[in-house]
Amino acid sequence: MSGYRTLPVPDGLDGMRVDAGLAKLLGLSRTAVAALTESGDVVLDGQPAGKSDRLVAGMTLEVTLPAPPQPVQIQAVHVEGLVVLHQDDDIIVVDKPVGVAVHPSPGWTGPTVVGGLAGAGIRIATSGAAERQGVVHRLDVGTTGVMVVAKSEHAYSALKHAFKERTVDKLYHALVQGHPDPIKGTIDAPIDRHPKHDYKFAVMANGRPSITHYEVVEAFRAASLLDVHLETGRTHQIRVHFSALHHPCVGDLTYGADPTLAKRLNITRQWLHARTLGFHHPADGQWVSFTSEYPADLANALEKLRTED
């Protein structure tokens, strides 16, 4: 969406703030709308509008939208630490290292899984948006562990359906601060983008349904190691849910972790690892499961906790 728009303010937005109303009307974030108002690109009845001004039904609204970003190009490169756990005609299962995004996105200049696969000469499915062809699920840049990418078009469709229908078994290990009570439970709390920070997410009443199952498998004085099964797969789901319970992942400063504990354990990102991934193989329907070992930084932090207790 780009260019110039002029339209009357609809009745449904009457009385709303400009940033909230335009975000709803145009499908933009409130931060993006605020930036438009600051640059003078939002005009109400001939007068520049501020983000906190109120919309009045019937007023003439003029908005100048920026040009869309250019398509992100996939760079075929060698990605250090990207390990292939399994490969056949339909799928490739990899162990994603820290600091690697799954696919290119605006503003990201670092390495990606799809770029690493291309650099290794591995062809993947062409289904999906250009920058994430073959990608059926994602891990955060700061989250390590096992993930699958589709190589065939059939596998792409089958795996996308499996993730949508929640027939995939996604087991994570998370080291969280403190001691969750009860030691085994389910977090059922909707998640949406944070109302003030676009880079974060939060538990929000009108968010998307999000369900996390957990069980404490090892307890230390300052933290607990959890088995975490995801029923849904929202962005930052585990990080958001445990932060909302006041048990953020160790090292996850974005979501309220204690920087002193992170420094003591020499952790510079969230202690969160995609441990096991199981699903019905797209070729024959047989159940397959793949496991990723802890990377050095997570293993060392865990060992330090064990020796301290």
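How many bridges join strand E8 (residues 169-177) to E13, and do the two strands run parallel or antiparallel? I began my notes with this pairing, keeping in mind throughout that the model is a predicted one. I found seven bridges between E8 and E13, and the two strands run antiparallel.

**Entry 1: strand E13 and its partners**

I looked next at the other strand that pairs with E13, which is E12 (residues 211-219), and there I noted an antiparallel pairing over seven bridges. The connection from E12 to E13 is a hairpin, made through three residues. To fix the register I took Val 228 of E13 as a reference point: Tyr 172 stands opposite Val 228, and Tyr 214 has Val 228 as its bridge partner. I then checked the burial of E13 (residues 223-230), and because six of its eight residues are buried, I wrote the strand down as largely enclosed by the rest of the structure. For anyone following side chains along such a strand, I add the reminder that in a regular strand they alternate between the two faces of the sheet.

**Entry 2: Asp 140**

I turned to Asp 140, since UniProt lists this residue under "active site" in an unreviewed entry. In the model I located Asp 140 in the loop between helix H3 (113-119) and strand E7 (144-150). Is Asp 140 buried or exposed? Its relative accessibility is 19%, and because buried means under 20%, Asp 140 counts as buried. Setting aside residues up to four places away in sequence, I listed what Asp 140 touches, and the list holds Lys 96, Val 100, His 236, Arg 239 and Gln 270. One of these, Arg 239, is also among the buried residues of H5, which led me to that helix.

**Entry 3: helix H5 and what follows**

For H5 (237-244) I asked how many of its eight residues are buried. The count is six, so I recorded the helix as largely enclosed by the rest of the structure. The buried residues are Gln 237, Ile 238, Arg 239, Val 240, His 241 and Phe 242. Just after H5, I noticed that His 246 takes a positive phi of about 65°.

His 247 sits in the loop that leads from H5 to helix H6 (259-264), and with a relative accessible area of 16% this histidine is buried. Which backbone oxygen does the side chain of His 247 reach? I found that it reaches the backbone oxygen of Gln 177, at 2.8 Å. Leaving out neighbours within four places in sequence, I also noted contacts from His 247 to Val 176, Gln 177, Gly 178, His 179, Pro 180 and Phe 242.

**Entry 4: the annotated domain**

UniProt, again in an unreviewed entry, places the feature "domain: Pseudouridine synthase RsuA/RluA-like" at residues 90-244. Over that range I read off 17% helix and 32% strand, with the end C-alpha atoms 39 Å apart.

**Entry 5: the sheet of E1 to E4**

I then examined an open sheet of four strands, whose order is E1-E4-E2-E3 and whose pairing is antiparallel. Its edges are strand E1 (3-8) and strand E3 (47-48), each of which pairs on one side only. Within the sheet, I counted three bridges joining strand E2 (residues 42-44) to strand E4 (residues 60-65), and there Val 43 has Glu 62 in E4 as its bridge partner. Helix H1 (residues 18-26) lies across E1, E2 and E4, and I noted that it runs at about 70° to E4.

**Entry 6: backbone details**

I closed by looking for less common backbone geometry, given that most residues other than glycine have a negative phi, and most peptide bonds are trans. Asp 45 has a positive phi near 45°; this residue is found in the loop between E2 and E3 and is partly exposed, with a relative accessible area of 45%. Arg 166 also has a positive phi, near 65°; I placed Arg 166 in the loop between helix H4 (153-164) and E8, and at 40% relative accessibility it counts as partly exposed. Where is the peptide bond that is cis? I found it from Asp 181 to Pro 182, with omega near 10°, and Pro 182 itself lies in the loop between E8 and strand E9 (184-188).

Conventions:
Residues are numbered from 1 along each chain as its sequence is written. This is a predicted model: local features need pLDDT of at least 70, side-chain atom pairs count only at pLDDT 80 or more; totals for chains, interfaces and linings use all residues. Side-chain values use heavy atoms; hydrogens and water are left out. UniProt positions are given in the numbering used here, feature names are shortened, and annotations may be inferred rather than shown by experiment. Buried means under 20% relative accessible area, exposed over 50%, partly exposed in between (1.4 Å probe, protein chains only). Contact means heavy atoms within 4.5 Å. Two strands pair if DSSP finds at least two bridges between them. A polar contact is a pair of N or O atoms within 3.5 Å; within protein, one must be able to donate a hydrogen and the other to accept it, and residues adjacent in sequence count only if both atoms are side-chain atoms. Axes are lines fitted to C-alpha atoms, for helices over the stretch in contact, and angles run from 0 to 180 degrees between N-to-C directions.
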